Amino acid sequence: LKPADVTLPGEIEKFTLANRTKPSKKNQAWNIIEGVLTGEGIFADREGADHTLSGLMEIMTRTPRFFINQASIEFKGTGTEQFAPPLNWAEVENLCKQNNSEALIVLEAFDSDSRITNDSKPIKIKDKEGVESTIIEYYSHARMEVKSGWRVYFPKDKRIVDEYRFSDFMTFDSKGSSPEQALANLPNKRDCIKRTGYHAGTTYGLRISPQWITVTRSFYTRGSDYMKMAGKKARKVNDWKGAMAIWKKESSNNDKKVAWHAMYNMAVGCEREGNLDAALEWANQAYNRGHKSTAATYVNILNRRISEKKRLDSQMNNKE
């Protein structure tokens, strides 16, 4: 369970989500003109903002720390990447009370920008008779950038506990037998905005909520018959306790290489069990006995995990 980048107040358990990217009358005309000039279509950014909120909703359903509901709440804002002044606290408090939540997450700003580049290269092909020839293949690349701005309002303390603006981008590639065909094969700009916006929403969700992630570790399965046996137990039948019993014995092997491999494997086994302190102890033993760089890398990984675990414990606030 990876901790969030920022630690929010422990009293927060449930969020209400709101969209403040709808342009005011002053900015609405410019949004329409911009959509026509850029080819993105009228109100494409509005659809992109909706998908950004959907991305946040999706990632927030996976965290064991918070609950979130998306009330049909819309505010008028700048309609651009710029923040509007903060919402009135009485209004924030009322919205949270209506939706039985402790905090309000607001997508305050949204804007998109795209750039298309083209290139080509010769490639060799063979016809049915096996005769080789060279043709030119053409490529188009669309880089869609989305700028979003967020605020998390905590009415209990009348405090904005997170205010964050960032850019996220995705690239889309296509190819064709001519420059025109390559360009035509790209997704349309509206679709690119939606997909990039969704990604931006998940990125912000990772910033504010602990999330489950998958990590990979390698371990040694050779060096002695016992190491092979332990490797099969761990890898093929998922008998990690049996494997660790063997590795523990092999850590005293007179063969230095076998011993430090067994120590390293013990560190992996302990980490898998969630015992990070024991894992670090075994990894340090492997470092002192064997291959310095491999063990040192793992020691650094475990130290980072232990540091993150302290932050995670603070964020989870006994809610696991």
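Visitor: Why is P23 called buried here?
Guide: In this predicted model, P23 has 5% relative accessibility. Buried means under 20%, so P23 counts as buried. P23 belongs to strand β1, residues 14-23.

Visitor: How far is P23 from N238?
Guide: The two are 215 residues apart in sequence, and their C-alpha atoms lie 56 Å apart in space.

Visitor: Staying with β1, what makes β1 and β3 a pair?
Guide: DSSP has to find at least two bridges between two strands. β1 and β3 have 3 bridges, in the parallel sense, so they pair. Within β3, E74 is the residue opposite N19.

Visitor: Which side chains of β3 point to which face?
Guide: In strand β3, residues 74-77, F75 and G77 point to one face and are buried. E74 and K76 point to the other face and are not buried. That fits the general pattern: in a regular strand, side chains alternate between the two faces of the sheet.

Visitor: On to the rings. What makes Y164 and Y204 a stacked pair?
Guide: A search of the whole structure turns up 12 aromatic pairs, and Y164 with Y204 is one that is stacked. Their centres are 6.4 Å apart, and the limit for pairing is 6.5 Å. The planes meet at 25°, and under 30 degrees counts as stacked, so that is the label.

Visitor: Where in the chain do Y164 and Y204 sit?
Guide: Y164 is in strand β6 (residues 159-176) and Y204 in helix α5 (residues 189-208), so this pair links distant parts of the chain, 40 residues apart.

Visitor: Are they buried or exposed, Y164 and Y204?
Guide: Y204 has a relative accessible area of 0%, so Y204 is buried. Y164 comes out at 30%, which falls between the 20% and 50% cut-offs, so Y164 counts as partly exposed.

Visitor: Why is the pair of Y264 and Y298 called tilted?
Guide: Their ring centres are 5.1 Å apart, and the planes are at 40°. Stacked needs under 30 degrees and edge-to-face over 60, so this pair is tilted. Y264 is in helix α8 and Y298 in helix α10 (residues 292-316), 34 residues apart. Both tyrosines are buried.

Visitor: Which residues do ring pairs link into a cluster?
Guide: W150, Y164, F166 and Y204.

Visitor: How do you know that R207 lies over the face of Y164?
Guide: R207 is 3.7 Å from the ring centre of Y164, and the distance cut-off is 6 Å, with an angle limit of 35 degrees from the ring normal as well. R143 does likewise with F169: the charged end sits over the ring, 3.9 Å from its centre.

Visitor: Back to α8. What does its length look like against the expected span?
Guide: Helix α8, residues 256-273, has 18 residues and reaches 26 Å from its first C-alpha to its last, close to the 26 Å expected at 1.5 Å a residue. Of those 18 residues, 14 are buried, so α8 is mostly covered.

Visitor: What is found at the start of α8, and what follows α8?
Guide: At the start, a side-chain oxygen of D255 comes to within 2.9 Å of the backbone nitrogen of K257. That is inside the 3.5 Å limit, so the two make a polar contact. After α8 comes G274, with a positive phi near 90°.

Visitor: Last one: how many disulfides are there?
Guide: The structure holds 0. As for cysteines, C96 is buried at 2% relative accessible area, and C192 is buried, with 2%.

Definitions and conventions:
Residues numbered from 1 in each chain as written. Predicted model: local features only at pLDDT ≥ 70, side-chain atom pairs only at ≥ 80, totals over all residues. Heavy atoms only, no water. Helix = DSSP H or I, 4+ residues; strand = E, 2+ residues; numbered from the N terminus. Expected span 1.5 Å × (residues − 1). Buried < 20%, exposed > 50% of the residue type's maximum accessible area, 1.4 Å probe, protein only. Polar contact = N/O pair within 3.5 Å; in protein donor to acceptor, adjacent residues only side chain to side chain. Phe/Tyr/Trp six-rings, centres within 6.5 Å; stacked < 30°, edge-to-face > 60°. Disulfide = S-S within 2.5 Å.
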